[in-house]
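Reader: I'd like a close look at the empty space enclosed inside this one, and at what surrounds it. Could you walk me through that part and then work outwards?

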Amino acid sequence: MLVDPALPSGLACLVLPGGARRRPDPTAAEPPKALAIGGTLPIPVTCLGQEAALSPAGEPEEAAALRLAPAVAEALAWTEPAILTLVRSGSLLFAGPVVAVVTDGRTRPEDDPRAPFFVELARAAQAVGAFVYLTEPSALDPGAPAASGWALTPAGWRYGRRPPPNAIVPRLRSRRAERAVADRWTAAWRARGAIVFHTRFLSKWAVYEALSDTPLSRHLPPTALLRPEAGGFPLSGAPGAAEAGPPDVGEEAAGGDAESGEAAGGAAGSGVPAGVPPDQGDAEGDPAGAKPGGARAAAETLPSDIGGPGGAFAGEAPAAGRPAVAWFVKPEYGSEGRGIWRLERRGDEAIAFSARSPLLGVRVPTAALTRFLRRRRGERRYVVQPDLRLARLDGRPVDFRLLVVQEAPGTFRVVSAVARLGPPGHFLTNLAQAGILLPATEALRRLAEGQPVPALSAMKRLAREAARWLQRRTAEAGPLLELGVDIGLDAAGRLWIIEVNAKPSKRGPGGGGIRPSARALARAFVRWWTPAGPP
């Protein structure tokens, strides 16, 4: 679809044959009388050249090329040649989907640390007939007839007027900014018929609360919440006895880590690295009539191959030289492993190891531990979880990151699965902490040489179940588009959900092509779109 200054002045648009993929239909209805692009209001047009045969109502058109007279293009805020899906509905012709990815706008697209991903997403969208542009909150006014943003052209990113979007993907890096934006205009955009994907960063505590009374509870580490005003520290006994009640789902911790909205432990580039074969996953929709239930809901049981029951942390006898009790203290909102402490209890003392100094611990009397942490965490809330003694590969910590995309309403697919291997001597696997990526199948094969391991399909099932339950429990924030599910494996072969991230990291360079997650997201944009509004 492009602007054609040579169109006769009396014509508003012209439909021309675009190839032989669709045969002419002599029974086609009369030419459409109005056109809408993205979320624009339909405007009257005159269409000629029906040789291409517009598709019947509700079916994508694959053979037509749409040329717009300059006045029509101006009214529809269309400036760039691009491929869109055309759908005919009665006398109306819809072109879309148009997708706005909302960033903070502090840098040009090419200077954003997520720039390679944005390029891949724009190219993947064009390959399936969708148009993606980058914008910022101030340029996306739900009351305006058009938006502004950056579109990828053969010459690079170009800023200009853009059609209002059919779908909005919030990707601001500040939790506070994203929440303010969501509260300000999400309802207005949804009233216009736009799909606004999930508008909340899910904190570690929010994820625990959402899943703790579901069948997935057996795969959750016992978790306690530390608030600044709390006294005492659950270093012994069941950590589930939290010191304070849970915050509201989606609440932002005061003074939380606002410099990065990327998920904790996100892989640089967050896709399949070079040499890792793409994982096609297994799409699986919600069962008809499924409703949220409790941990013992008879109708909601997990497939047996996900793994044995996790239960509470089993306080096993420590190996020689190992501490009797170890814990992880994590910022409720955090990213890339920053701010995490590992605590080892040794008698009346705790040895505190930070992510920055994993080998050099600080001795702290257990009675002073709360005061020690309060000085370092300020007003932030932290969650506390026991060390589950997860599997190690060559003496190094290892876990698995699975990317899950909701490619259509209620249908979740694992599009990428990798293992993350921590550096020697460290207790974290995050790439930002010098971890590396391995193919998930290779890591499982090597682990199987010394311990029981589940099949990769079991991890995929668990990741999809986590995504499905989180969608149900956080539906008020909009449909989840993409999740990063971090899964650990203990020495008995049991699977644990370490973390679930609603905004997986997209930092860093790509692998030279289009990563699987970008292709999956582009397909999702088309499948979620309906010309009459969101599903």
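Author: Sure, let's start with the holes. This is a predicted model, and it holds 8 cavities of 30 Å³ or more. The largest cavity has about 180 Å³ of space in it. Its lining is made up of 15 residues, and those nearest the centre are Val-169, Pro-170, Arg-171, Leu-481 and Glu-482. If you'd rather think in elements, α2, β14 and α8 (516–528) each put at least two residues into that lining.

Two of those elements take us to a sheet. β14 covers residues 167–170, and it belongs to an open sheet of 6 strands, ordered β13-β12-β11-β10-β14-β15 with mixed pairing. β13 (156–162) and β15 (195–196) sit at the edges with a single partner strand each, so one side of each has no neighbour in the sheet. For β15, the link to β14 consists of 2 bridges, with the two strands running parallel. One residue to look up there is Ala-167, whose bridge partner in β15 is Ile-195. Then there's α2, which spans residues 115–127 and packs on this sheet. That helix touches β10 (98–102), β11 (131–135), β12 (147–153) and β13, and its direction is at about 150 degrees to that of β11.

While you're around α2, have a look at the loop leading from β10 to it, where you'll find Arg-106. Arg-106 counts as exposed because its relative accessible area is 59%, and the cut-off for that is over 50%. Arg-106 and Glu-136 are 30 residues apart along the chain, yet their C-alpha atoms are separated by 8.8 Å.

Now for the nonpolar side of things. The largest nonpolar core has 44 residues, and the members touching the most others are Leu-211, Phe-400, Leu-402, Met-459, Ile-487 and Ile-497. At least two residues apiece come from α4 (204–211), β24 (396–408), β25 (411–421), α6 (440–447), α7 (456–473), β27 (482–489) and β28 (495–501). The biggest share is from α7, with 9 residues. To see how this core is knitted together, click on Met-459: leaving out neighbours within four places in sequence, it is in contact with Phe-400, Leu-402, Leu-444, Ile-487 and Leu-495. Apart from that core there's another one, of 35 residues, including Met-1, Leu-66, Leu-86 and Ala-147. As a general point, nonpolar side chains in soluble globular proteins tend to be buried together.

Methods
Residues are numbered from 1 along each chain as its sequence is written. This is a predicted model: local features need pLDDT of at least 70, side-chain atom pairs count only at pLDDT 80 or more; totals for chains, interfaces and linings use all residues. Side-chain values use heavy atoms; hydrogens and water are left out. A nonpolar core is a set of buried Ala, Val, Leu, Ile, Met, Phe, Trp, Tyr and Cys residues joined through side-chain atoms within 4.5 Å. Buried means under 20% relative accessible area, exposed over 50%, partly exposed in between (1.4 Å probe, protein chains only). Helices (H or I, at least four residues) and strands (E, at least two) are DSSP runs, numbered from the N terminus. Contact means heavy atoms within 4.5 Å. Two strands pair if DSSP finds at least two bridges between them. Axes are lines fitted to C-alpha atoms, for helices over the stretch in contact, and angles run from 0 to 180 degrees between N-to-C directions. On a 1 Å grid over the protein atoms alone, a cavity is a set of points where a 1.4 Å probe fits but cannot get out, and a pocket is an open set with protein on both sides within 12 Å along at least five of seven lines; lining residues have an atom within 4 Å of a point. Grid points are joined across faces, edges and corners, and a volume is the space filled by probe spheres set on the points.
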